[in-house]
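Visitor: Please take one part of this model and go through it closely. I would like a single connected account rather than a list.

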Amino acid sequence: MSFRTRLAIWFLAGAVLPVFALGFVVRHEMTARLAAQYQHRVDALAGVIESNLAAERDGIRAALAPITDRMADDTAFRSAAVDNAGGERRYLIDYAGGAMRLAGLSMLQIQDAQGRILSSGHFRNDYDRVDADLPRRLLEVGGAALVRVRTADASFLAFAGVDSVVIAKRRFWVVGGIEAESRLVGNISRVDAMRVTLVLPGDSAVVGDAVARRIPVPLLDGPETARATIQVTHDVSELRALRASINRWVAVVALLAGVVAMVFSLLVSARISRPLAALADKAGAIDLERPEIAFDASQPGEIGVLARALAAMTSRLRESASALREAEHRATLGEVARQVNHDIRNGLTPIRNVFRHLDEQAEADPAAVAGVFAERRATLDGSIAYLEELASNYARLARRGERPRTNLGEVVRGVVAARAVPAGITLRAEGPDVFVDADPLALRRIVENLVGNALDSIADGAGRVTASLAAIGDVGQSRVRLTVTDSGCGIPEADRERIFDDFYTTKPDGTGLGLSIVRRLVMDLDGTLRVESEPGQGSRFIVELPAARGLQVVQ
């Protein structure tokens, strides 16, 4: 992502995010305040309805009290209800109707102690019907409840109360009430944006996101006492409209702020990026081998500071590069010197062993020196040839060319044959002739170092070392594997990761270069080198090299 793009994003975020944050705060605060006002209005109206319910309950009781008083003093009612006088039957049937109209009630029925309806003001034909549970259930719910009442045409819901009177030691129940929907909610069914509804069990009372309050009212409509609610809701459509309006204005302002931020960011980024791009081009053209690049350090502000810092850094880099080249040259000479020293010691070791053997024979049997010399002359000639070839190889070090095809089997057998082996140790070569594209001297240095380390690892004077060869892989991807196995002391796990490091050795007189040279030589030949070892069980050094084209295996 370019600097100009990042700058535009930051300017856009800095301009738009505060607008959205302000819009969110205003919308949230407005919603909270209006919702609180709506809730306060709903609670106030609910309080009025609860007061009306209590007033209607008291009004019903006040209306029933005169009726029970008149019933106790009415001789004709006593005669018809207590004495069962046949001539007063019509008077008894019509008694509740007249009393209901005088009391201003919507329903009134008079029942005896067994629940038989003696007179019904709202439905004359209810005479003699038994409804023994109604008075008792009204008393259980506090003396007033909603009751489903039958009439000649239909039924209606009444808010009813109960009272009783004892006449001639017989109790009579008086149940009276008012029409619920018109008296309780009809007068206040809609006040401004508020609505009052009577919700019965089973009715759908979907409120949505409106502010609501529910007032429970007992309902006697069936064998079980249920619960109806008078629901007060406040419409929030005005609040929704306000929120939608705020959303639109926030979107418009955010769009305008975004456009302004983008234009401003383009202007600022262009002013900043042009000198930065010029500095970047000059910095990209820096080459430590070319003449110095001039940076314009006269510019004001941070750009000028950066240009002066780049100029100073370039100067220091040129000085450091010169010193580094000199150090690399000295390091390269030192590395070559260490390798030459190590390789010469490897070539001199067989010669030293031969002369030591001749010296021992000269002391023990001078006459046999000539024969021993004849036997060991091949070793001397091979070591001298190795040193001569080593010198020629270092002379050709800087030259590149085709790698000669070399029989690795002959190299391995030659190293094994020339190596002096202490008594008790067996050294042998195994495997077919395999060919690789590599300098014979490099291969001999690899084998010499691996075999020498294997022999040195056998500390108790008895053991075996085997250098085995094998051709592996498919045609076109064939490789040659050289495995040097010993039965020596093995390599601890802590040392296994460091044995290929320069100058790391566990031998008192070792240089720590043998295995590091082997690793570099193998890598130069595009090969791999790994070790497998267990302390006390010996080690296996495995070298894999690309086989020569058209690999030939001679059994």
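Guide: Helix α9 covers residues 408-418, and its buried residues are L408, G409, V411, V412, V415, V416 and A418. The model is a predicted one, and that applies to each detail below. At the start of α9, N407 makes a polar contact: one of its side-chain oxygens comes to within 2.9 Å of the backbone nitrogen of G409. G409 is itself among the buried residues of the helix.

L408, also buried in α9, has a further role in the description, as it is one of the residues that line the largest cavity. The others in that lining are L443, I446, L482, V543 and L545. Two elements, α10 (440-456) and β16 (538-546), each supply at least two residues of the lining. By class, the lining has six nonpolar residues, with no polar and no charged ones. The space in this cavity is about 40 Å³, and the structure holds one cavity of 30 Å³ or more. As for how such a space is found, rolling a probe the size of a water molecule over the atoms shows where empty space is left.

For the wider setting, consider the nonpolar cores. The largest one has 57 residues, and M71, L108, L146, F159 and I230 have the most contacts inside it. Helix α1 (residues 3-73) gives the largest share of this core, 15 residues. A second core, separate from that one, has 39 residues, including F500, V522, L525 and A547.

Technical notes: Residues are numbered from 1 along each chain as its sequence is written. This is a predicted model: local features need pLDDT of at least 70, side-chain atom pairs count only at pLDDT 80 or more; totals for chains, interfaces and linings use all residues. Side-chain values use heavy atoms; hydrogens and water are left out. A nonpolar core is a set of buried Ala, Val, Leu, Ile, Met, Phe, Trp, Tyr and Cys residues joined through side-chain atoms within 4.5 Å. Buried means under 20% relative accessible area, exposed over 50%, partly exposed in between (1.4 Å probe, protein chains only). Helices (H or I, at least four residues) and strands (E, at least two) are DSSP runs, numbered from the N terminus. On a 1 Å grid over the protein atoms alone, a cavity is a set of points where a 1.4 Å probe fits but cannot get out, and a pocket is an open set with protein on both sides within 12 Å along at least five of seven lines; lining residues have an atom within 4 Å of a point. Grid points are joined across faces, edges and corners, and a volume is the space filled by probe spheres set on the points. Ala, Val, Leu, Ile, Met, Phe, Trp, Tyr, Cys and Pro count as nonpolar, Asp, Glu, Lys and Arg as charged, and the others, Gly among them, as polar. A polar contact is a pair of N or O atoms within 3.5 Å; within protein, one must be able to donate a hydrogen and the other to accept it, and residues adjacent in sequence count only if both atoms are side-chain atoms.
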